[in-house]
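Me: I'd like a close look at the disulfide count and the buried packing, please. How many disulfides does the rule give?

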Amino acid sequence: MEAVKDVTRGFTRRAVEELSSLRGEPDWVREKRLAAWEAYEAIPMPTRTDEEWRRTDIRRLPIGDVAPYATPNGRVDSVTALQPEVAAVLGDEERRAGLTVQVDSSSVFSELSADLAEQGVIFCDLATAIEKYPDLVKQHFMTEAVPVDDNKFAALHGAFWSGGTFVYVPAGVQVEVPLWAQVYAHAGVGVFPHTLVVAEQGASVVVIDAWNSETSDEPTIAAGVVEIIAREEAQVRYIQLQDWGRNVWNFVTQRSLIAQDAVVNSLNVGLGSKLSKSFIAGHLVGAGALAEMLGLYFADETQHLDFQTRQWHISPYAQSDLLFKGAIKDRARTVYSGIIKVFEGAQRTDAYQANRNLILSRTARADTIPNLEIGANDVRCTHGATVGQVEEEYIFYLMSRGIGRTEAVKLIVDGFFDEVIERVPVPEVQETVRAAIARKIGL
């Protein structure tokens, strides 16, 4: 399937209006887009003088060389018409309760099990949700979790979002089998996937986002937003598998709002892209809330992956547990910067933050900056970071047992990542991540 690239390249107010008109959107959506565009124009482009961007240089961002969106391709009913990565997910019905597929700017496939639909679960592309459930979407879309003026690229997303996935789980409903959202992008097109998850009181759900594309000489910009709203006693497990092609400049804003006694378990896997900047935040807004924030990344060649995390303890008696692990090889570079912020009055906070990095070549580099900001006096907060190389004696030991060097390195890296992988009880995700690690190492 070829993307139709007849849209003027570059991002403008006119392109925002054309996109909204093309999709026949209601007035409130158009106004939201234009408000986001105004915020985008008002917010300066980040530079290395900004603390959040000091280690990530985007001066070569090809903002004027990319079409802001592709014209709709129409719905695709044949599995064989989709890219192999998408077709593989479509063909494995046992591992999902629902699936949405987006290609470039268009939603091309959507399904949800009849049993969940009867219980009031909503799982569809965002445009369909706006048409069928406008009040529900309007209440939550870029309002509570990620406002349109949150940052430069969240604002760009708010103006040009397309496709996207809407998940709504009514109070008390349990969705035990994962809901999958697959996004595939062609080169030269802006891709702006939006995931909005709302779990009402006592509900539970597992949502998996998989972002893929082939590598091309033509630049692509991806700016995604993920909003997770977990009401009282809800449980949400969110997994993001990012494997963009090496021509993609990737920007992500992900935020969870976690109410009283609710739990959000998140895993962010960073494998692809040319450059990525990810803002990942858990806001514990209710007493007794729990956030588990896991990250796994593997950078090679000249990739640059930058993760900035935020654990905001706003209410008392809340817990957060963050563990990000990365492997870096060739001339790649990674950056991790995280903060635990305990607000005044958030007593009995229990927060943990750790970043571990494994360097696999002399020219690779990892920067890690953990931070604490404590505004209460009865808390337990710990953080730590490490950067280390693979010990040659470990490799030698494995090779002395008849294992080749590449396989020996893989075993060591597998063991390094296993602490993260085993904490995600979704076998399909574990298999996908382990296979990606093998590819990165060269097996």
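Reply: Happy to! With a disulfide taken as a pair of cysteine sulfur atoms within 2.5 Å, the count comes to zero disulfides. This is a predicted model, in which local features need pLDDT of at least 70 and side-chain atom pairs count only at pLDDT 80 or more, while totals for chains, interfaces and linings use all residues. Residues are numbered from 1 along each chain as its sequence is written, and side-chain values use heavy atoms, leaving out hydrogens and water.

Cys124 is buried (under 20% relative accessible area, 1.4 Å probe, protein chains only), at 8% relative accessibility. Cys381 is buried too, at 17%.

Cys124 also leads us to Phe166: beyond neighbours within four places in sequence, the contacts (heavy atoms within 4.5 Å) of Phe166 include Cys124, Ile122, Phe123 and Leu196. Phe166 and Phe160 have the most contacts inside the largest nonpolar core, which has 49 residues. Such a core is a set of buried Ala, Val, Leu, Ile, Met, Phe, Trp, Tyr and Cys residues joined through side-chain atoms within 4.5 Å. Its largest share, seven residues, comes from α2. Apart from this core lies another, of 41 residues, including Val169 and Ala332.

Helix α2 (27-42) also helps to cover the buried residues of α1, as does α7 (152-160); helices here are DSSP runs (H or I, at least four residues), numbered from the N terminus. In α1 (residues 13-22), Ala15, Val16, Leu19 and Ser20 are buried. They lie on the same side of α1 because they cover an arc of only 135 degrees around the axis, taken from the directions from the helix axis to the C-beta atoms. The face turned away carries Arg14 and Ser21, both exposed (over 50% relative accessible area).

Technical notes: Helix = DSSP H or I, 4+ residues; strand = E, 2+ residues; numbered from the N terminus.
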